[in-house]
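User: Take a close look at the sheet in this model, please. Then cover the helix packing as well.

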Amino acid sequence: MTTSTDLLDRVHELAPAFAERAQKTEENRAPLDETISDLVDSGVLSTLTPKAYGGHEFDLGVARDIVKTISAACPSTRWVASFYIGAAWRVNIFTEQAQREVFANNPYTLTAGTAAPLKSVEPVDGGYRITGQTAWNSGSVHADWFTFAGLTVADGQPAMLWFLVPKEDVTVLDTWYISGMAGTGSNDVAVDSVFVPTYRIGNFGLALAGQAPG
């Protein structure tokens, strides 16, 4: 059984390699493939994943300590790692069917996304069609899933919905040219009339109220 101390020890062992790659990471404008492999193999990306899906289900304090250690070696790697670790927790906003789909093959998820609402969110039979472009999608280069936000109106009241979309339905745009934190791969991403089934839609209001499916 992996303990939180085990995870922190692994991160400390990896920190010198992350530091050595820091400059190349900035030049690459995204984490290097070997860095993502190290994060996956170490098990740290499963820090917050529920045990039901093979994760460690540790608390946010453990995630914080892991991220702090990585930050001292490479801030960009830390930023992306924190998003990927946190994504395993954010997936709880969605239905159990969506959760099982995300964690079907791995106890972690490489998920990017932002909270800025899309320009078009259209209810259709069985779900929604979404269109738009969002900025600041950290970790977009290696992401398998993306989350998008959209404002809807139900019974005269606005509601924020989150949409979970696989990478094959998303276009990653090469827009991340910046002087600091260049290695985060925080590109713009776009969707064009992408259908999202109901089970991959989460209500952010329910999440804030502690009533989301997860």
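Analyst: Two strands count as paired if DSSP finds at least two bridges between them. Strands (E, at least two residues) and helices (H or I, at least four) are DSSP runs, numbered from the N terminus. This is a predicted model: local features need pLDDT of at least 70, side-chain atom pairs count only at pLDDT 80 or more, and totals for chains, interfaces and linings use all residues. Residues are numbered from 1 along each chain as its sequence is written, and side-chain values use heavy atoms, leaving out hydrogens and water.

The sheet is open. Its 4 strands follow the order 1-4-5-8, with mixed pairing. Strand 1 (111–117) and strand 8 (201–203) are the edges, each pairing on one side only. From one strand to the next, the twist averages 30 degrees. Strand 5 (residues 157–166) runs antiparallel to strand 8, and 3 bridges join them. Among these partners, Leu-161 is bridged to Asn-203 in strand 8.

Helix 4 (residues 75–90) lies across strand 1 and strand 5, at about 75 degrees to strand 1. Angles run from 0 to 180 degrees between N-to-C directions, and axes are lines fitted to C-alpha atoms, for helices over the stretch in contact. Contact means heavy atoms within 4.5 Å.

Now the helix pair. Helix 1 (residues 4–28) packs on helix 2 (residues 33–42) at about 175 degrees, with axes 10 Å apart. The two are therefore roughly antiparallel, a label for angles over 145 degrees. Helix 1 brings Leu-7, Arg-10, Leu-14, Phe-18 and Arg-21. They meet Glu-34, Thr-35, Asp-38, Leu-39 and Ser-42 of helix 2.

Terms used
Angles under 35 degrees count as roughly parallel, over 145 as roughly antiparallel, 65 to 115 as roughly perpendicular and the rest as oblique.
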